[in-house]
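Hello,

Here is the structure you asked for. My notes on what was found in it follow below.

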Amino acid sequence: MNVMRHDLYFWQVVHHLVVEEGYRVLDMEQSEVWLESDALKDRTVIRIKRIDVDWGNQLRADFEQVRKKMLWLKRQLGVRRLRGEAIYVTMYPPVDDWSSFEAEEKLDRNGNVTLRPTLIVAEESERKATIAAVNERLSIHLPHVALLDEDGYQMEQMARYLRQQIRHTANATQQKERRLFQYGKPYATYGLLVVIAFMYVLLEMNGGSTDMPTLIEFGAKYNPAIADGEWWRLLSSMFLHIGILHFMMNSLALFYLGGTVERIYGTSRFFIIYFIAGLTGSIASFALNAHVSAGASGAIFGCFGALLYFGTVHKKLFFRTMGSSVLLILVFNLAFGFIIPMIDNGAHIGGLIGGFLASAVVHLPNHRPRLRQLGFLLLTVLALIGSFAFGFVNEHKAGADLLALQNAQDLIEAEDIEAAYEVILESVEQGNERAEAYFLLSYTEAVLGKYEEAEEHLQKTIDLEPKMHEAHYNLALVYDELDERQKALESAQEAVRLDPGNEKYDTFLRSLEE
């Protein structure tokens, strides 16, 4: 009978921890329950076991298995610090000395995982003292439950009822958490993927997704056009991608991230988050980056922002489920963007911030609206307007030098030499010190008959890039036009030396030597 009373007491303790103290059930068996709480400073796991032993080594053998599982749980939960409590509900303490067994142990080198064993025995005064110590250590209010003096059948029925209540509470908690991740279906995500794929095929059929003029024609982010009033490019650029790898990577990211966000927020909220994030990313790119750019990356980073906002509302659930993975992938992608120059990190960061702000505006489903949503709405509008206005006055955008070179080359290919000359001259006057800039400027000057200016800028090109054989060849042509035959001969010889076997260079050199 005493054993049955202690069995019932075991389930009374577990019931109180789950129902009254809010511990989550990690695992539950007939005489062993693993519970978790993230309400304390350090994540706490309690393993409570109903066991009767005679010798201390029996407890130590069981405790060794608890040690191993605690280290495994730390990895599974993705936490930095984990505190463990191994509580044994037992009739009597071991007959041998087990006092050293009660000290807290550090399970790893840095002391981030600790584990303390505790014995709750049947003896009244000792049990009270043990429960008081546990309450103080865990900041809980585990009551002292007297061992009931009922018949065996009643105690068995009461224990069964408590187990059912514990399971019901655990299942209700799991279902409530599961509903947070299953509010909507990813219909909008699939629709966006179809549109993006259609636009990629359309680009490939009309000049190629890596062809700059084609991208600009179909709506890529192109700062001069946006400045002239084509603001629709801030949204149209979200559906274009540059090359198959860019298209595939963004489609894959949208499938997983977008699908997750749409399931959490629902289709209408996801739609708002996606487009505000994409718009914010495009505006940030316009304000900070002069490159022609395209892609759904800003909106996709907005999905990261939406998940981060979810983490601020449900912090414990976020870090217990996907938090560590989301943060790790986000940091990796941002770092990768800073390492690779051609990646538009302005759009990524802008989209991340826009997605977070938009999520705060629409908030999560089935949550009471808050006054701060109006504050976030005002902040979002101000951020969009402010960033867009900054883009018009910022004269030091990243990639402006390269964009000027690209524009000049496109104009040269279109045989609009005067326009190309104006573009590249303005870029050089604004501080573009690239050898390629001086080379293109000298080319337009030579075509326009400005031979002395062309000579000066070709010399500057060679100073910056001595092995550019094209510059030496063009300089020879300029000297020939200026009737400086000896200098033309020397420059032609240098061009042939740097690029032996070039038939054009050889032919021109022979003409000078005749």
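The chain has 22 helices alongside 6 strands. Please keep in mind that this is a predicted model, and that every value here was computed from it.

On overall shape, the C-alpha atoms occupy a box of roughly 120 × 50 × 35 Å along the principal axes. The radius of gyration is 36 Å, whereas a compact globule of 514 residues would come out near 24 Å.

On packing, 49% of the 514 residues are buried. Of the contacts in the chain with a separation of 6 or more, 68% are between residues 24 or more positions apart.

On the surface, the accessible area of the chain is about 26200 Å². Carbon and sulfur atoms account for 56% of that area.

On charge, there are 67 negative side chains and 49 positive ones. The centres of these two sets are 17 Å apart.

One residue was looked at individually: S491. This serine is part of helix α21, which covers residues 485–498. Is S491 buried or exposed? Its relative accessible area is 8%, and the cut-off for buried is under 20%, so S491 counts as buried. Which residues is S491 in contact with, once its neighbours within four places in sequence are left aside? They are H472, L475, A476 and Y479.

If you open the model, S491 in helix α21 can be displayed together with its contacts H472, L475, A476 and Y479.

Regards

How values were computed:
Residues are numbered from 1 along each chain as its sequence is written. This is a predicted model: local features need pLDDT of at least 70, side-chain atom pairs count only at pLDDT 80 or more; totals for chains, interfaces and linings use all residues. Side-chain values use heavy atoms; hydrogens and water are left out. Helices (H or I, at least four residues) and strands (E, at least two) are DSSP runs, numbered from the N terminus. Buried means under 20% relative accessible area, exposed over 50%, partly exposed in between (1.4 Å probe, protein chains only). Contact means heavy atoms within 4.5 Å. The radius of gyration is taken over C-alpha atoms; the globule rule is 2.2 Å times the number of residues to the power 0.38. Accessible areas come from the Shrake-Rupley method with a 1.4 Å probe; for residues, only the protein chains shown count as cover. Lys and Arg count as positive and Asp and Glu as negative; His and the chain ends are not counted. The place of a charge is taken as NZ of Lys, CZ of Arg, CG of Asp or CD of Glu.
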